[in-house]
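Me: I have a structure open at the bench and would like to walk through it with you. Shall we take it one question at a time?

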Amino acid sequence: MTHNTQINEDAILNTLKTVFGFSTFRPNQEEIIKNILSRRDVFAVMPTGGGKSLCYQLPAKLMRGTTVVISPLISLMKDQVDAARGNGICAAYMNSSLGHQEVSDIYRMLKGNKIEILYIAPERFAMPNFLETLKTVPISLFAIDEAHCISEWGHDFRPDYLSLSIISKMFPDVPIAAFTATATRNVEEDICRKLGLGSASPLRRAPFMIRASFNRPNLFYQVEGKSKVESQILKFLSSRDGQPGIIYRTTRDSVAEMADFLVSKGISALPYHAGLSPEVRDKNQDAFNRDEVSVIVATIAFGMGIDKSNVRFVVHADLPKNIEGYYQETGRAGRDGEPAHCLLFFSRGDIPRIRYFIDQIDNDAERSVVLEKLNEIIGFASHDVCRRKQLLGYFEEEFQTENCGNCDICCGPVERFDITKDAQIVMSAISRTEQRFGITHIVDIMTGADTKRIRTFQHDRIKTYGVGRDKDKRHWRSIIDELLAQGAIRQEGYPYPVLIITQKGSAVLYGKEQITVLKREEPKGNLPEKGSISNQYDAVLFEKLRHLRKKIAEEGQVPPFIIFSDKTLHEMCRYYPADLSEMRKISGVGDAKIKQYGDAFVCDIKGYLMANPGISVPSRQSAGSDRPEASPPREKNRGE
Ligand code: ADP
Ligand code: ZN
């Protein structure tokens with residue numbers, strides 16, 4: 001077998017444009033592709049939405065033979081194949097959902113060299129039959145998706161993946177490219193060792209290793225105080241009518257209640273949790289995938305099998321257990337690179353509940369790790385530090401920019417207020433009742449409420465009773481929240497947590513230290529989402545094109561984002577391509593898409609322009625060039 005090791009730059013760029021419709025690479029894609037084309041093993045850690053699939057799909061178009069992609073989720077394979085076919089790639093899949101006849105059809109095509117990309121589930125590698133066939137056909141590349149599944153140290157170990165270690169031995173001269181979105185250094189080494197990357201044969205060189213930044217510049221991070229979360233979410237949704245998004249809740253009950261509530265308010269929403277039957281779950285996920293329902297309310301059981309690229313927001317209505325989970329769940333937003341909003345509702349009240357579950361962990365070491373992780377996410381939510389900087393710092397990545405321009409901390413104007421006096425009132429009430437009461441009772445004491453509890457304990461006789469009467473309960477609750485956030489007091493006990501004064505709190509109580517808060521202007525319902533380059537588009541036309549996309553998707557029985565991504569539609573709604581050659585310049589429009597959908601979209605756009613003669617169509621700065629993927633935050637938008 002001879003291999004063409006010559007890397008032809010023109011061919012790469014040409015394929016990028018004609019097959020995928022893109023003019024520029026995302027970070028790291030080009031290096032990865034060039035290394036694969038030079039037949040070197042690759043290990044790449046890239047965040048969700050980083051564009052991993054293009055890294056093996058593009059070489060698959062250029063190399064002789066079949067690229068075999070190993071992917072753990074059978075539920076996603078069909079979508080992946082549909083997406084590849086949509087770009088004119090000869091793709092197929094083989095997994096346990098196929099019948100005997102279908103499998104033999106694929107074998108025949110494989111032998112006839114008719115398949116450019118074959119998606120398979122890992123268990124195939126334990127089947128001698130399959131391996132024998134594979135031996136007889138030219139293979140250009142093995143691409144391993146979700147490679148962390150091979151490591152017991154990772155969070156998603158799948159025993160089936162272990163059989164993949166056979167690849168480097170059985171196919172010593174076929175390159176392997178392993179991809180994952182989550183791998184610590186330890187897991188990374190483990191994956192490379194198990195896959196035998198760069199080691200099994202003298203032909204193999206050390207793998208090309210790449211660790212992309214985990215920064216997701218198009219995601220806006222926001223934390224909001226949680227009080228009446230239902231109405232807070234309703235308010236948030238009111239400004240994003242019809243946009244697809246996920247709302248995470250911790251328990252099945254709260255998922256069901258929230259979904260019912262939203263539906264009762266006229267919002268198109270469905271629930272998803274492990275208590276629903278697999279059929280219902282699949283149905284609901286499918287409806288979401290196909291843009292038939294806007295909002296999915298879910299426990300963290302939802303997400304693994306989702307590669308919908310146009311999720312425009314992810315809301316956490318309850319405090320997540322740790323930052324990894326939070327990063328992963330929010331990571332499902334904005335895979336298409338368009339602006340998306342991540343909103344976390346944070347209340348100290350959520351902490352005791354999680355602590356209670358942590359207390360049930362028997363193993364001391366494990367318990368303290370889990371507790372530490374909880375403290376880290378609490379820190380994330382309560383510190384006045386750029387959310388992006390904190391998230392990336394958690395993954396040991398230093399975010400250099402002073403102001404990320406795309407989180408609530410960096411976008412809100414801030415001012416400092418001294419709250420020492422109010423803090424002293426709160427802590428004096430706590431201290432005079434011997435640190436044996438919870439928030440509600442302490443607030444009742446300060447505001448001079450007349451409750452049975454107060455009479456029983458004769459708390460109307462203590463010195464602090466009623467001294468905070470001039471301010472309302474909400475004020476005192478927010479002071480308590482702030483003291484908790486700053487560690488001046490803490491909550492202990494479940495289900496009836498009491499307030500305890502910490503060392504830091506004592507210092508404030510006795511006037512040795514001051515305590516201040518940052519007051520920020522409340523970010524508006526639909527925040528500016530700076531750092532986004534593409535939030536200016538014709539929304540009316542977008543709705544029209546979205547409708548057309550959905551119709552085409554229904555006919556072809558595929559999810560709409562496979563036809564065109566939101567990003568592609570947005571671009572159409574900025575440049576109004578009214579003929580095929582203009583359409584070709586839109587990012588995400590390759591030859592196959594032009595052929596299949598070009599006319600339909602051009603027709604709608606032309607009709608729209610005709611009906612709206614006042615619209616002035618902007619000219620492109622340079623024909624055919626994409627706008628930059630990640631422009632620096634706060635950069636002036638391109639001339640619209
Ligand atoms: P991952 O698997 O890393 O989460 P995907 O491969 O699903 O990411 O890609 C995410 C999105 O980015 C897709 O909509 C894809 O079409 C788009 N994309 C990939 N590469 C590029 C590129 N070079 N330019 C523009 N969009 C891209
Ligand atoms: Zn920031």
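**The zinc site and beyond**

Reply: Happy to start with the metal: the zinc ion (ligand 2) has as its protein donors Cys386 (SG), Cys404 (SG), Cys407 (SG) and Cys410 (SG), at 2.3 to 2.4 Å from it. Donors here are N, O and S atoms within 2.8 Å of the metal (3.2 Å for Na, K and Ca), and sites may look incomplete as water is not among the atoms. This is a predicted model, in which local features need pLDDT of at least 70 and side-chain atom pairs pLDDT 80 or more, while totals for chains, interfaces and linings use all residues. Residues are numbered from 1 along each chain as its sequence is written, chains are lettered from A and ligands numbered from 1 in the order in which they are written, and side-chain values use heavy atoms, without hydrogens and water.

Me: What is the geometry of the site of the zinc ion (ligand 2)?

Reply: The angles among the four donor atoms are 104 to 116 degrees. Four donors count as tetrahedral if all angles lie between 85 and 135 degrees. The site of the zinc ion (ligand 2) is therefore tetrahedral.

Me: Which parts of the chain does the pair Cys386 and Cys404 tie together?

Reply: The donor residues follow the spacing C-x17-C-x2-C-x2-C. Cys386 sits in the loop between α14 (364-382) and α15 (387-394), and Cys404 in the loop between α15 and α16 (408-411), so the pair ties together parts that are 18 residues apart in sequence. Helices (H or I, at least four residues) and strands (E, at least two) are DSSP runs, numbered from the N terminus.

Me: Are Cys386 and Cys404 buried or exposed?

Reply: Buried means under 20% relative accessible area, exposed over 50%, and partly exposed in between (1.4 Å probe, protein chains only). By that rule Cys386 and Cys404 are both buried.

Me: In what order do the six strands of the open sheet run?

Reply: Two strands pair if DSSP finds at least two bridges between them. The pairing in this sheet is parallel, and its edge strands, β8 and β10 (269-272), each pair on one side only. The order is β8-β13-β12-β9-β11-β10.

Me: Which residue of β13 is the bridge partner of Tyr221?

Reply: Strand β8 (residues 219-225) has six of its seven residues buried. Seven bridges join β8 in parallel to strand β13 (residues 340-346). In β13, the partner of Tyr221 is Cys342.

Me: And at the other edge, which residue of β11 is the bridge partner of Leu270?

Reply: Four bridges pair β10 with strand β11 (residues 295-298) in the parallel sense. In β11, the partner of Leu270 is Ile296.

Me: Why do the buried residues of α13 line one face of the helix?

Reply: Helix α13 (residues 351-359) buries Ile351, Pro352, Ile354 and Ile358. Seen down the axis of α13, these residues line one face because they fall within an arc of 160 degrees, the arc being that of the directions from the helix axis to the C-beta atoms.

Me: What do the buried residues of α13 pack against?

Reply: Contact means heavy atoms within 4.5 Å. The buried residues of α13 pack against β13, α14 and β15 (489-492).

Me: Is Lys308 buried or exposed?

Reply: Lys308 is in the loop between β11 and β12 (313-316). Not counting residues up to four places away in sequence, Lys308 touches residues including Asn289, Asp291 and Phe561. With a relative accessible area of 1%, Lys308 is buried.

Me: What is the relative accessible area of Asp291?

Reply: Asp291 is found in the loop between α11 (278-289) and β11. Leaving aside neighbours within four places in sequence, its contacts include Lys308, Arg549 and Lys550. Asp291 is buried, with a relative accessible area of 17%.

Me: What is the phi of Asn28?

Reply: Most residues other than glycine have a negative phi. Asn28 lies in the loop between α1 (9-20) and α2 (29-37), and counts as buried at 18% relative accessibility. Its phi is positive, near 75 degrees.

Me: How does Glu146 count, buried or partly exposed?

Reply: Glu146 lies in the loop between β5 (139-144) and α7 (166-170). Its phi is also positive, near 50 degrees. At 24% relative accessibility, Glu146 counts as partly exposed.

Terms used: Four donors count as tetrahedral if all angles lie between 85 and 135 degrees; four count as square planar and six as octahedral if opposite donors are over 155 degrees apart and all others between 65 and 115; anything else is irregular.
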